[in-house]
Amino acid sequence: MPVERSYSFPKEEHLCRKKLIEELFGRGSSFGLYPLRLVWLPAEVRTAAPPQVLVSVSKRSFKRAVDRNYLKRLLREAYRLNRYRLTEAESGHAVGLLAIIYTGKEKKPFTLVEKKLISGLERLLTDATPQAGEVSAL
């Protein structure tokens, strides 16, 4: 029988607190998968709960708000459809906070953005594992 998944992206999962955002960019790790850059901060313990997520598109690259909003909608939709890759990982995941930043200079199609985000989430599952162990060892 297929697994029932929730494809929602509720407000509780949006990263909005300024203090948490400063901590994420101050102490977080990052990697780039053009046209995306993912910045993440490990959680205290492995969990199946979804991380808080921030989606950002640079005003420098996209002057028109219409274009920025379009790309943010693309990123949120790609994350919403694929967040189960984090939440349904066998032993949980160690991502507490996550920022998805669009670094490209031109609009890319949804399929490419989604493909890059999926590979980024898969990489997060492997990269976040050792650091979560280090955090709990302190």
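Reader: Before we look at anything, what do buried, partly exposed and exposed mean here?

Author: Buried means under 20% relative accessible area, exposed means over 50%, and partly exposed is in between, with a 1.4 Å probe and protein chains only. The areas themselves come from the Shrake-Rupley method with a 1.4 Å probe, and for residues only the protein chains shown count as cover. Keep in mind that this is a predicted model: local features need pLDDT of at least 70, side-chain atom pairs count only at pLDDT 80 or more, and totals for chains, interfaces and linings use all residues. Residues are numbered from 1 along each chain as its sequence is written, and side-chain values use heavy atoms, with hydrogens and water left out.

Reader: Fine. How many salt bridges are there, and what is the rule?

Author: The general idea first: side chains of opposite charge can pair when their charged atoms come close. The rule asks for a side-chain nitrogen of Lys or Arg within 4 Å of a carboxyl oxygen of Asp or Glu. By that rule, the count is 8. Take Arg27 and Glu23, whose side chains meet in a salt bridge at 2.9 Å, N to O.

Reader: Why are Arg27 and Glu23 separated by about one helical turn?

Author: Because they are 4 residues apart in helix H1, residues 18-27. As for the labels, helices (H or I, at least four residues) and strands (E, at least two) are DSSP runs, numbered from the N terminus. Within this pair, Glu23 is partly exposed, with a relative accessible area of 30%, while Arg27 is exposed at 58%.

Reader: Which salt bridge partner does Asp67 have?

Author: Asp67 forms a salt bridge with Lys107, and the closest N and O atoms are 3.1 Å apart. This pair links distant parts of the chain: Asp67 sits in helix H2, Lys107 in the loop between strand E4 (93-102) and helix H4 (110-137), and they are 40 residues apart. Asp67 counts as buried, at 15% relative accessibility, whereas Lys107 is partly exposed at 44%.

Reader: And what does Arg85 meet?

Author: Its side chain meets that of Glu122 in a salt bridge of 3.5 Å, N to O. Again the link is between distant parts of the chain, with Arg85 in helix H3 (residues 84-87), Glu122 in helix H4, and their positions 37 residues apart. Arg85 is partly exposed, with a relative accessible area of 24%, and Glu122 is partly exposed too, at 36%.

Reader: What about charges that aren't in salt bridges: which residues form the positive surface patch?

Author: The idea of a patch is to take residues with over 30% relative accessible area and no salt bridge, then join like charges within 9 Å, or nonpolar side chains (Val, Leu, Ile, Met, Phe, Trp, Tyr) within 5 Å. Lys and Arg count as positive and Asp and Glu as negative; His and the chain ends are not counted. The place of a charge is NZ of Lys, CZ of Arg, CG of Asp or CD of Glu. Here, Lys59, Arg60, Lys63 and Lys105 form a positive surface patch. Arg60 is in the loop between strand E3 (52-57) and helix H2 (65-82), and it is exposed, with a relative accessible area of 71%.

Reader: Now the strands. In which sense do E1 and E2 pair?

Author: Two strands pair if DSSP finds at least two bridges between them. Strand E1 (residues 29-33) and strand E2 (residues 36-47) do so in the antiparallel sense, over 5 bridges. Ser29 has Trp40 in E2 as its bridge partner, and a hairpin of 2 residues joins E1 to E2.

Reader: Which strands pair with E4, and in which sense?

Author: E2 and E4 pair in the antiparallel sense over 8 bridges, with Arg37 opposite Ile101 in E4. E3 and E4 pair in the parallel sense over 6 bridges, and there the bridge partner of Gln52 is Leu97 in E4.

Reader: Is E4 mostly covered or mostly open?

Author: Mostly covered: 9 of its 10 residues are buried. Over in strand E1, Leu33 is buried as well, with a relative accessible area of 18%. The C-alpha atoms of Leu33 and Ile100 are separated by 11 Å, with the two residues 67 apart along the chain.
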